[in-house]
Structure formats: C-alpha cells, structure tokens
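Student: Could you take me through the surroundings of the ligand, slowly and in plain words? I'd like to know what sits around it and where those pieces come from.

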Amino acid sequence: MAKVIGLTCNANRFYSATASKVKARKYVLTKYFEGEPKKSDFQIVEEELPELKDGEILTEAEFLSVDPYMRAYMIGYKLPTDMIGGQVAKIIASRNKKFPEGKYVAGSFGWRTHTVCNPSVAPTIGFLPTTLLPDISPHPVSLGLGVLGMPGNTAHFGLKEICHAKPGETIAITGAAGAVGSHVGQIAKALGCRVIGFAGTDDKCQYLEKDLGFDKAYNYKTANIRNALKDGAPNQVDCYFDNVGGEISTTIMNYMNKYGRVAVCGSISSYNDMKLPKVTILQPAIVFKELKVEGFLVNRWIDRWDEGINANLKLLREGKLKYNEKIYHGFDNMVEALVGMLRGENTGKAIVKVK
Ligand SMILES: NC(=O)c1ccc[n+]([C@@H]2O[C@H](COP(=O)([O-])OP(=O)(O)OC[C@H]3O[C@@H](n4cnc5c(N)ncnc54)[C@H](OP(=O)(O)O)[C@@H]3O)[C@@H](O)[C@H]2O)c1
C-alpha cells in the first residue's frame, strides 16, 4: 500500500485499512509550485483502499475540477501532500442508505480516482461538503463542479451577500468568461442590473454579449480600460466583482460611484508571479468614494450550501443560466488542465473527464 500522507476524506480510515481489491490512483504534490505548475511537481501513486465500514461509500471519479485556488493554496501545505480538489464521482459501493450505489456525489476528495469516505462526516481537507447530486438531467453531472457546485455558490453568495446588487445598478466583472464570472453576470442580468465584463479574448467577449446577455464585454488585453468603462458604464459602476486583482481593479475602483461595493473574490492575475506586481495605490478611491471592499471565501456559507445550489438550479431550469465547459481528457492530464485554465484556455468551467 502506498504511504498515505494526508487525505481529503476521513483520513484515519486509510491507516486502519485492510486489504481490498480496489486501488486508487492519486496525485501527491512533492514540490512547491514555482511559476506555472509542472508535471514534475507531482507524483502519481497507487493506494489500496480499505473495505467499507458502516456509513461509508466507495466512489469512482468521473470529473475532476481544476481551479485557480489550487495554484494559490498549496503553499499552505506541508509536503508531500495529496493534491486537493473537488470531483463528481459515482457511488460504486455503499453502506450508507442516504448515499445509494449508482448515485453521484460532489466532494472534496482531491485528485484521485477512487475514494472511501463517510459522506456524513465533514472532509478533513478541502472546501466542499460531500453532497448527493440532485437529478439534473438532461444536463451533465459535471455541473456539480460548475454552476451547481463551488463556483456557482461563489457567484450566488458573492453577488447576494457581498455586492448587494440591486435592479438598475451597474456591475463590472473581471475574469468574466470564467466559471465564476460568467455566472455572476447572468445572475446580475436576471436581477435587472447592467452588466459589463472583462475577459482575455475577443471570442470570449462575443460569447458574453451574444450568448450570455452581458450588456458589454471588453478584451482587457487590448482595450483601454478607462475608455471601456466610459463606454460600457455611462452611469459608472455600483458593484465590482473582482476575480483578478492588479491594475485593472484599481482602474475600475476609481470609476465607481459613491458607496459602491467591491466583492474581492480572487486575484488570479498574480497567482503565478514569483514577485508581486506593483499596482497603483487604490486607497484614495476607497476613501473618497466611501467604497465597501470585502474579501470572502465561499465556505463562509457552508451552512447554506444547498440554498445556493437550489437557487442556481432554479435559474438553470428557467433557462436564465447558461453554462459552458472546457473539458480536458484523462487522469494523467490533470496538470495540463490546471495550466491551461490558468493560461485562459477555458470559457466557462475547466474540468477533466477522468476516462
Ligand atoms: N473567494 C472564493 O471563495 C473563490 C471561489 C472560487 C473562485 N475564486 C476566485 O475567482 C477567480 C475566478 O475563478 P474561476 O474558478 O471562475 O476560474 P476561471 O475564471 O474559470 O479561470 C481562470 C481565468 O482567469 C483568467 N486569467 C488568467 N490569468 C489572468 C490575468 N493575468 N489577468 C486576468 N485574468 C486572468 C483566464 O481568463 P482570461 O482569458 O479572461 O484571461 C482564465 O480563464 C479566481 O481568482 C479564483 O481564485 C474565489
């Protein structure tokens, strides 16, 4: 049996393991990232799984998530460590009546093919509670990693609880064509806001305007941001959903209305940087416009997790929420997928289909 260093789900079970026929493959991070993540930062190891105890399930991963937080978070773990991450998995054996064989769960099991866990016990590492996926046919179960999962709840709670966006207000969104950003824009449109987005290619901007109904979208790599704001937000900006940080955020905050609200969700523009970039000081904008700037982590609302999922499911069923997935293929290509997402290859949610 492979040496087990840290697990995402009920870790102690694995130490008391007895021999079993099921073997999991998993990624172990052995080297901290420097710049972009590399294959050589990981080892893929095999692990024999234990027999199920009462309350436990055995799952087989079908879709694994690659998310920006993976690049930012691993520095906080002692190496070597199992790679963290969400997955949608099929229950292939169960000793838990609430989680029957054949159903799907979303859980923080990490980058691994098979998992034994008790879904009623909170995971020891990671963000997500282990939840049974509702019936979402004809939509794919992979939405449990996107609009009906962690990014969807980030959009829902960030907009509702941090931005407090109201009908008629203007919201600006960076990282607008990604999993969280594209979702925020659509909820804001459903609310009756004017929505402007910033994304990294013309195709992404066209997708936001034509397919998702954003009022305006701009390529932040080619546009003059201040001119774009003047064009897209004639009444200036009331809410800013900040997915990227850096200079563009300072420019947007300088273009906000008094008492504007800023939801600081992430700062992907600097995740791969070895040295933090210098940005123009933004405190004067915060002071003179009396902005409310608040960072948040989506697990603040773990107790209300189902509320977010159900709100997004309702929007999906009403046809008010569209989604797109960038699907990478193969368990052995997790690192390529993570790097691809960080480079902006995805429109919508980046995921990996395991087989
Ligand atoms: N606070 C929370 O609880 C929470 C939860 C989930 C996510 N987040 C944060 O939310 C943000 C978006 O996450 P996501 O899962 O939705 O990822 P995503 O937007 O689906 O994927 C990342 C995107 O970031 C963009 N990007 C890469 N480098 C950039 C740069 N230098 N400047 C601007 N954009 C850049 C790329 O799109 P372009 O082609 O547009 O550059 C890429 O597609 C991240 O900052 C993430 O850390 C926070």
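Tutor: Sure! In this predicted model, 30 residues surround the ligand. The closest are Gly 178, Val 180, Gly 200, Gly 266 and Gly 344. Sort the shell by class and you get 16 nonpolar residues, 12 polar ones and two charged ones.

Now, where do they come from? Four helices each supply at least two residues of that shell: H2 (68-73), H3 (150-163), H4 (179-191) and H10 (334-343). Of the shell around the ligand, H4 gives the largest share, with three residues.

You can also look at it by domain. Domain 1 is made of two stretches, 12-146 and 324-353, while domain 2 covers 150-298. The shell around the ligand takes at least three residues from each of these domains.

Let's step back to the protein chain as a whole. You'll find 10 helices and 16 strands in it. The chain has a radius of gyration of 21 Å, and the globule rule gives 20 Å for 355 residues; those values are close, so the chain is as compact as a globular protein of that length. If you drew a box around its C-alpha atoms along the principal axes, that box would be roughly 65 × 45 × 35 Å.

What about the inside? Buried residues make up 46% of the 355 in the chain. And if you take the contacts with a separation of 6 or more, 67% of them join residues 24 or more positions apart.

Note on methods. Residues numbered from 1 in each chain as written. Predicted model: local features only at pLDDT ≥ 70, side-chain atom pairs only at ≥ 80, totals over all residues. Near = placed C-beta within 6 Å. Nonpolar A, V, L, I, M, F, W, Y, C, P; charged D, E, K, R; others polar. Domains from an automatic or database assignment. Rg over C-alpha atoms; globule rule 2.2 N^0.38 Å. Buried ≥ 20, exposed ≤ 12 C-beta atoms within 10 Å, placed from the backbone. Contact = placed C-beta atoms within 7 Å.
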